[in-house]
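Let's take a walk through a protein model together. Keep the picture beside you as you read.

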Amino acid sequence: MQGANGSVFNNLKTDIVKNFIVRIPESIAIQNRIVSILSSIDDKIELNLKINETLEEMAMTLYKHWFVDFGPFQDGEFVESELGMIPKGWRVISCYDLANYINGKAFKTNQLVDNDGLPVIKIAELKSGITNSTKFYNGDIEPKYLLQNGDILFAWSASLGVFIWAKGKAVLNQHIFNVKPNGTLSKSMIYFTLKNIIQEFIEIAASRATTMGHITKEHLIDKKIALPPDELLVKVDEKMSNYYQMILSNMLEVERLTQIRDYLLPRLLSGEIDVSKAEKQVEEVL
């Protein structure tokens with residue numbers, strides 16, 4: 001935190017806080033109405049996040065039933081494969097061949113700026129979103145590094161994870177793959193497949209970690225999964241795509257509500273926005 005004289009505070013002390021000037025409405029009734037407005041938005045955000053947790057669990061249960069336990073095929077014929085016994089007619093494919101893995105751009109420090117251009121998405125942004133610490137890039141960029149809502153991001157170094165991007169147009173930094181369909185699987189099937197095997201990759205990275213554990217192209221090649229014939233794949237993909245789209249839709253609504261909340265908070269406290277108008281606007285969007 002930087003003070004008015006340019007000095008930097010290592011922590012926020014009580015004496016510093018005492019000097020803060022905060023504008024708030026004098027009326028307790030107005031304060032309570034503002035709290036109610038903001039709380040209603042927060043409640044909807046929390047509900048969406050909980051719904052998405054449930055949707056993820058349901059989708060992963062269905063995925064494992066089909067592709068791990070082979071539940072619908074237990075009464076059918078099985079054959080030997082490099083993965084063990086799999087349903088007859090299924091094929092074994094490398095994880096690397098399931099999709100195109102596009103690594104992010106390796107930016108130099110002097111290429112990044114504050115609050116000008118597109119946000120640069122590192123692993124920190126995947127976990128915490130775009131914050132005051134996020135850097136931006138305002139130069140020319142190859143289209144393959146651009147992010148759009150609904151992209152699947154696979155952090156393959158340090159903190160491994162699989163994410164759906166829903167925070168608008170941005171630029172992808174290195175150490176993260178933007179995983180694109182190559183005609184083998186749909187976007188939803190790619191996402192749930194990677195979610196199913198990510199823990200295995202996390203363990204691989206942890207076992208070889210020195211300063212920063214990661215996985216390589218060879219690990220993706222070595223990891224194999226079994227896929228059913230196309231007609232069966234289409235059947236289950238219809239259900240998986242529904243889950244994926246509902247999760248993405250809820251994420252986009254969370255982002256929209258977060259922006260509304262963050263816009264309203266300082267303006268309601270300062271009196272710039274009328275509380276009655278804000279109540280009506282929030283009621284319309286919830």
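We will begin with a sheet and then turn to the nonpolar cores. Bear in mind that this is a predicted model.

Start by finding the sheet. Four strands build it in the order S4-S11-S8-S9, and the sheet is open, with antiparallel pairing. Strand S4 (99-103) and strand S9 (161-164) are found at the edges. Each of these two has a single partner strand, so one side of each has no neighbour in the sheet. As you step from one strand to the next, the twist averages 30°.

Now look at one pair of strands. Strand S8 (residues 152-155) pairs with S9 in the antiparallel sense, over four bridges. To see where they meet, find Ala155: its bridge partner in S9 is Gly161.

Next comes the nonpolar interior. The largest nonpolar core has 47 residues, and Tyr101, Phe154, Val179, Phe192 and Leu194 are those with the most contacts inside it. Which elements give two or more residues to this core? They are helices H2 (28-67), H4 (187-207) and H6 (230-270), together with strands S4, S8, S9, S11 (176-181) and S12 (224-227). Helix H4 supplies the largest share, nine residues.

Phe154 is a good place to pause. Leaving aside residues up to four places away in sequence, Phe154 touches a list of residues including Tyr101, Gly161, Val162, Phe177, Val179, Leu194 and Ile198.

Finally, apart from this largest core, there is another core of 13 residues. Among them you can look for Ile41, Val254, Ile273 and Val275.

How values were computed:
Residues are numbered from 1 along each chain as its sequence is written. This is a predicted model: local features need pLDDT of at least 70, side-chain atom pairs count only at pLDDT 80 or more; totals for chains, interfaces and linings use all residues. Side-chain values use heavy atoms; hydrogens and water are left out. Two strands pair if DSSP finds at least two bridges between them. Axes are lines fitted to C-alpha atoms, for helices over the stretch in contact, and angles run from 0 to 180 degrees between N-to-C directions. A nonpolar core is a set of buried Ala, Val, Leu, Ile, Met, Phe, Trp, Tyr and Cys residues joined through side-chain atoms within 4.5 Å. Buried means under 20% relative accessible area, exposed over 50%, partly exposed in between (1.4 Å probe, protein chains only). Contact means heavy atoms within 4.5 Å.
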